[in-house]
Amino acid sequence: MLIPLDTADSPGALLVLYPSTLDVSYELVEHVSWLIYVRRRELNSPWRRLGCFKQALLVLAHLRKNETFAQLAAGFGVSTATAWRYVDETLDVLAAWAPGLHEALTGLGEGDLVIIDGTLIAIDRIRADEPYYSQKHKQHGMNVQVIARPDGTPLWFSRATPGRTHDLTAARAHGIVQACLTRQILVLADRAYQGAGATVRTPYYHHREQPEHYQQFNRDHARLRAPGERAFAQLKSWRILRRARCSIRRIGTIVQAVHTLLTCSYSG
């Protein structure tokens with residue numbers, strides 16, 4: 001099936017529709033559609049061009065496959081503005097269900113272990129936009145911190161800060177260090193968090209020049225921290241977060257929305 005696409009860049013062009021699949025569970029789509037239904041009832045807006053289930057599909061396709069609003073609009077038979085409005089509305093609904101830091105740490109205390117780490121959500125910016133340029137990753141992006149269980153299950157994702165932000169600075173600004181210290185939670189982190197506090201364990205520098213027990217500590221530390229990478233792998237399995245094309249103000253909302261979706265997948 002062909003659909004005309006008249007834009008300034010490609011006048012007279014045609015969009016080609018083709019069958020595709022979305023690798024999310026049916027239960028997840030149903031859950032998101034239920035949240036959308038509740039939101040519509042709150043707004044007293046029962047009628048829309050798309051039903052709740054199709055709106056949920058549209059949003060999940062955008063997040064999972066990073067399809068553009070023009071592609072979504074053509075595929076679901078709505079305008080580009082409507083596709084954007086559906087995505088924007090649903091992101092806010094999902095993000096509202098993401099746990100806060102203190103909620104995520106509820107039930108954890110002395111003797112418990114978590115992993116903290118930071119990642120960069122790549123964005124489209126020029127080199128002149130210095131606050132967003134990460135020297136560590138050599139690209140522009142937004143810094144996101146994660147607290148994960150020892151098995152790699154994410155407990156909490158932070159709001160996004162400019163990519164130039166150092167991981168330790170970000171962890172302190174988000175209150176992670178103080179929250180874990182107050183609860184006496186043992187934290188495993190990489191060298192970027194050295195000096196964070198008494199409950200934060202980081203590897204030794206120049207461990208190969210140190211006695212054997214220092215080297216063994218670093219090996220054990222790396223082995224225990226390794227599952228933490230699963231949290232970011234799960235986050236970036238939603239392709240919109242591999243290179244975000246949206247406003248940087250919305251990246252934090254997208255991260256929180258994806259966290260809600262991950263939580264729903266675990267509980268399902």
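Which residue has its backbone nitrogen 3.1 Å from a polar atom of the side chain of S25? The residue is L28, and this pair makes a good starting point for a walk through the model, which is a predicted one.

## The chain as a whole

Let us first set the scene. The protein chain contains 10 helices and 9 strands. Of its 268 residues, 47% are buried. Among contacts with a separation of 6 or more, 60% link residues that are 24 or more positions apart.

## S25, ahead of helix α1

Back to the opening pair. S25 sits in the loop that joins β2 (13–16) to α1 (26–43). A polar atom of the S25 side chain is 3.1 Å from the backbone nitrogen of L28. With a relative accessible area of 36%, S25 is partly exposed, because values between 20% and 50% fall in that class.

S25 also has a distant partner along the sequence. S265 is 240 residues away in sequence, but the two C-alpha atoms are 8.1 Å apart in space.

## How α2 meets α3

Three helices, α2, α3 and α4, deserve a look pair by pair. Two packed helices are described by the angle between their axes and the distance between the axes. For helix α2 (residues 52–65) and helix α3 (residues 69–76), the axes come within 10 Å and cross at roughly 150 degrees. The two helices are therefore roughly antiparallel, since angles over 145 degrees count that way. Their crossing is right-handed.

On the α2 side, the contact is made by K54, L57, L58, A61 and H62, while α3 supplies F69, L72 and F76. Sorted by class, this contact has 6 nonpolar, 1 polar and 1 charged residues.

## A61, a buried residue in α2

A61 belongs to helix α2, and it is one of the residues that make the contact with α3. Its relative accessible area is 9%, so A61 is buried; the limit for that class is under 20%.

Leaving aside residues up to four places away in sequence, A61 touches L22, N66, E67 and L72. Of these, L72 is also listed on the α3 side of the helix contact. A further pairing brings in V24: it is 37 residues from A61 in sequence, with 9.3 Å between the C-alpha atoms.

## Helix α4 against α2 and α3

Now for α4. The axes of α2 and helix α4 (residues 80–95) come within 9 Å, crossing at roughly 85 degrees. That angle makes α2 roughly perpendicular to α4. From α2, the residues involved are Q55, L58, V59, H62 and L63, and they meet A83, Y86, V87, E89, T90 and L91 of α4. The class count for this contact is 7 nonpolar, 3 polar and 1 charged residues.

And how do α3 and α4 sit? Their axes come within 8 Å and cross at roughly 105 degrees, which means that α3 is roughly perpendicular to α4. Here F69, A70, L72 and A73 of α3 make the contact with T80, A83, W84 and V87 of α4. By class, there are 7 nonpolar residues, 1 polar residue and no charged ones in this contact.

## T260 in the last-numbered helix of this tour

Moving along the chain, T260 is found in helix α10 (residues 248–267). Is T260 buried or exposed? T260 counts as buried, because its relative accessibility is 5%. Apart from residues up to four places away in sequence, T260 touches L94, W97 and A98.

## Two loop residues with positive phi

Most residues other than glycine have a negative phi, and most peptide bonds are trans. Against that background, two residues are worth a glance.

N44 is not a glycine, yet its phi is positive, near 55 degrees. N44 lies in the loop between α1 and α2. At 67% relative accessibility, N44 counts as exposed, since the class begins over 50%.

Q184, also not a glycine, has a positive phi of about 60 degrees. Q184 is placed in the loop between α7 (176–183) and β8 (186–188). With 39% relative accessible area, Q184 is partly exposed.

Definitions and conventions: Residues numbered from 1 in each chain as written. Predicted model: local features only at pLDDT ≥ 70, side-chain atom pairs only at ≥ 80, totals over all residues. Heavy atoms only, no water. Helix = DSSP H or I, 4+ residues; strand = E, 2+ residues; numbered from the N terminus. Buried < 20%, exposed > 50% of the residue type's maximum accessible area, 1.4 Å probe, protein only. Polar contact = N/O pair within 3.5 Å; in protein donor to acceptor, adjacent residues only side chain to side chain. Axes fitted to C-alpha atoms, helices over the stretch in contact; angles between N-to-C directions. Parallel < 35°, antiparallel > 145°, perpendicular 65-115°, else oblique. Left-handed = near helix turned anticlockwise from the far one by under 90°. Contact = heavy atoms within 4.5 Å. Nonpolar A, V, L, I, M, F, W, Y, C, P; charged D, E, K, R; others polar.
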